[in-house]
Amino acid sequence: MEAETFTLILDLMGTFAFALNGGLTAVRAARVDLVGVITLGMITAMGGGILRDMMLNVQPATFQDWRYLAVAAAGAFIAFAFSWVLHRMAIPIEILDAIGLSVFAVAGAIKAMNFGFGPVQSMILGTVTAVGGGTIRDVLILRVPSVLSEGLYAIPAFVGAALTVAALELELNGVAAAILGASVCWLIRVVGVYFKLNAPRPPRVEPGNLQG
Amino acid sequence: MEAETFTLILDLMGTFAFALNGGLTAVRAARVDLVGVITLGMITAMGGGILRDMMLNVQPATFQDWRYLAVAAAGAFIAFAFSWVLHRMAIPIEILDAIGLSVFAVAGAIKAMNFGFGPVQSMILGTVTAVGGGTIRDVLILRVPSVLSEGLYAIPAFVGAALTVAALELELNGVAAAILGASVCWLIRVVGVYFKLNAPRPPRVEPGNLQG
Amino acid sequence: MEAETFTLILDLMGTFAFALNGGLTAVRAARVDLVGVITLGMITAMGGGILRDMMLNVQPATFQDWRYLAVAAAGAFIAFAFSWVLHRMAIPIEILDAIGLSVFAVAGAIKAMNFGFGPVQSMILGTVTAVGGGTIRDVLILRVPSVLSEGLYAIPAFVGAALTVAALELELNGVAAAILGASVCWLIRVVGVYFKLNAPRPPRVEPGNLQG
């Protein structure tokens with residue numbers, strides 16, 4: 001199998017995972033209908049890439065290849081039809097979703113570098129690719145985007161994008177750089193889910209401290 | 001009257017209807033001031049076209065012709081000043097809004113095809129043109145976008161865009177294709193409003209079923 | 001000091017002020033973590049310019065100069081670390097924020113004119129530059145954007161942008177036009193904060209009136 005086919009398969013897996021998870025989140029969190037579940041699933045899968053491409057000032061890649069649209073629609077439709085049984089499969093879906101996060105973070109960072117963006121900018125755009133779709137979905141169903149408030153989601157994406165960019169800057173082999181970044185991102189994400197890790201919160205003056 | 005003048009008039013009618021309805025929705029749903037009503041009305045009218053043009057990677061058309069800005073601002077201002085009387089005119093406003101939906105869905109799909117997008121992509125962008133502005137408005141006033149949760153709004157837009165695209169692919173006359181798509185969209189929307197039709201909802205295990 | 005250096009310093013001051021204030025707003029209003037505060041602070045500082053550049057159909061300027069990213073990240077991080085003491089410094093922060101509003105409104109309008117947009121369109125894009133970042137932040141933390149509902153925020157930005165555009169149309173010196181627009185914007189904003197001025201609200205039939 002060639003590197004390109006491998007990338008395409010991973011990319012479509014990520015798209016499917018995000019659409020499925022996005023659709024399920026929509027079913028769980030809000031009173032939405034068929035249109036809502038399909039739309040929110042597809043936005044979860046494609047929104048991050050669209051945001052990235054808007055900032056790169058190019059036409060969104062997801063609109064140029066029908067396979068992304070088809071896979072995203074399929075994932076969202078499966079979430080609509082089978083949500084009642086899929087809700088019991090939280091762990092395999094989280095692991096699949098972590099693959100999506102890793103693939104999108106790395107692919108987004110590489111695309112930004114190919115368009116001449118600087119290293120830090122490419123890391124940011126890789127992270128935006130990975131977390132952007134879920135953020136738009138959360139806003140549409142009136143949730144504070146979970147990426148801003150709990151769990152480790154942006155951090156593994158940023159670390160994965162940063163490792164990939166650093167490896168490319170050090171002129172490592174492109175495929176090796178991508179695999180390195182994606183694996184580390186996936187690992188941090190899965191460990192974070194398992195141990196329920198969180199990013200630090202802003203220091204506050206607790207009411208209890210004032211009385212003491 | 002030439003086809004172009006006819007299209008322009010329809011387009012401006014749609015812009016006015018969306019700005020008016022968007023402004024009224026803002027007045028009803030949230031505690032907003034003059035700036036809020038004008039902004040939300042104009043976003044309702046112009047947001048869908050701006051989203052479409054961002055994805056086509058061109059400058060938003062609404063910024064290139066002052067008439068769109070003027071008509072959108074006028075519609076929103078009328079909503080601000082006369083909301084107390086316009087709230088009693090729900091039915092004519094719904095019918096006017098349905099014209100906006102139809103015109104925008106068809107015009108958006110045609111523009112996407114003219115920029116070389118594929119048929120399915122053009123149907124999606126036509127739908128985005130029609131429902132995008134209202135969706136941004138709903139998010140700004142903290143409502144789950146009604147397009148995701150109730151009534152038939154995206155479905156008539158998608159059907160209208162799809163019919164237009166199909167007719168153009170079959171090399172029908174452009175004006176005929178547009179009139180066909182827009183009429184069917186308008187009809188489905190108005191029938192949907194009249195009979196309070198909804199898209200199907202995700203299947204759920206009802207609490208009642210578990211106890212039985 | 002040259003005009004360009006002066007502009008850069010003002011621009012970076014505005015970026016810092018918006019990132020600081022945006023981060024503090026995030027800490028106050030929502031249960032967000034480190035990632036959330038940094039992201040929301042940076043979005044407040046850079047979101048308006050990104051929206052403007054998307055509509056101008058160019059790559060966002062903030063991604064092309066690492067100093068904007070660095071200053072935005074620094075402002076947001078200071079908000080994260082020192083929110084407990086900065087909350088007592090509301091007035092100096094409001095004044096600093098008003099500088100950001102003025103600089104962004106004027107700079108946004110000038111950039112739009114340089115890209116060949118019409119005068120009214122440039123005023124609108126100047127206003128979007130000034131208020132866009134705070135609006136995206138508010139949506140992400142589920143607040144009705146304050147720009148739509150209270151205080152004078154969009155109005156000083158629009159007046160500042162309009163004065164600058166008008167002065168440039170009258171072929172005044174560019175630096176003078178910018179200083180004029182920014183000063184008036186800053187003044188209206190600060191006076192508005194001090195006297196708690198609001199834009200007019202839509203007329204309503206008050207329940208009390210009906211009973212009388």
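**Entry 1: the interface of chains C and A**

I began with the area buried between chain C and chain A, which comes to about 2,400 Å², with 67% of it given by carbon and sulfur atoms. I note at once that this is a predicted model, and I read each value as computed from that model. Counting residues, I found 29 of chain C in contact with 29 of chain A.

I then asked how many salt bridges the rule finds across the interface of chain C and chain A. The count is zero. For polar contacts between chain C and chain A, I noted six residue pairs, both residues of a pair being at pLDDT 80 or more.

**Entry 2: what chain C brings to the contact**

Looking at the side of chain C that touches chain A, I listed three helices that each supply at least two residues: helix H2 (34-56), helix H3 (66-86) and helix H5 (119-140). Which of them gives the largest share? I found that H2(C) does, with eight residues. Sorted by class, this side of chain C holds 21 nonpolar residues, together with five polar and three charged ones.

**Entry 3: how the copies are related**

I next superposed chain C on chain A, and a rotation of 120° with 0.0 Å of shift along its axis was what did so, at an RMSD of 0.0 Å. The two copies are therefore related as by a three-fold rotation axis. I also wanted to know why the copies can be said to meet through different surfaces: only 14% of the interface residues of chain C are also interface residues in chain A, so that is the conclusion I recorded.

Turning to chain A and chain B, I noted that chain A is laid on chain B by a turn of 120° and a shift of 0.0 Å along the axis, with an RMSD of 0.0 Å. Here too the copies use different surfaces, since 14% of the contact residues of chain A recur in chain B.

**Entry 4: the annotated stretches of chain A**

Finally I looked up the UniProt record, an unreviewed entry, whose annotation "domain: Glycine transporter" covers residues 9-83 and 95-167 of chain A. Over residues 9-83 of chain A, I found 83% helix and 0% strand, with the end C-alpha atoms 25 Å apart. Over residues 95-167 of chain A, the chain is 82% helix and 0% strand, and the end C-alpha atoms are 25 Å apart.

Definitions and conventions:
Residues are numbered from 1 along each chain as its sequence is written. Chains are lettered from A and ligands numbered from 1 in the order in which they are written. This is a predicted model: local features need pLDDT of at least 70, side-chain atom pairs count only at pLDDT 80 or more; totals for chains, interfaces and linings use all residues. Side-chain values use heavy atoms; hydrogens and water are left out. Copies are superposed by least squares on the C-alpha atoms of residues with pLDDT of at least 70 in both. Contact means heavy atoms within 4.5 Å. Buried area is the accessible area (1.4 Å probe) that two parts lose on being put together, summed over both. A salt bridge is a side-chain nitrogen of Lys or Arg within 4 Å of a carboxyl oxygen of Asp or Glu. A polar contact is a pair of N or O atoms within 3.5 Å; within protein, one must be able to donate a hydrogen and the other to accept it, and residues adjacent in sequence count only if both atoms are side-chain atoms. Helices (H or I, at least four residues) and strands (E, at least two) are DSSP runs, numbered from the N terminus. Ala, Val, Leu, Ile, Met, Phe, Trp, Tyr, Cys and Pro count as nonpolar, Asp, Glu, Lys and Arg as charged, and the others, Gly among them, as polar. UniProt positions are given in the numbering used here, feature names are shortened, and annotations may be inferred rather than shown by experiment.
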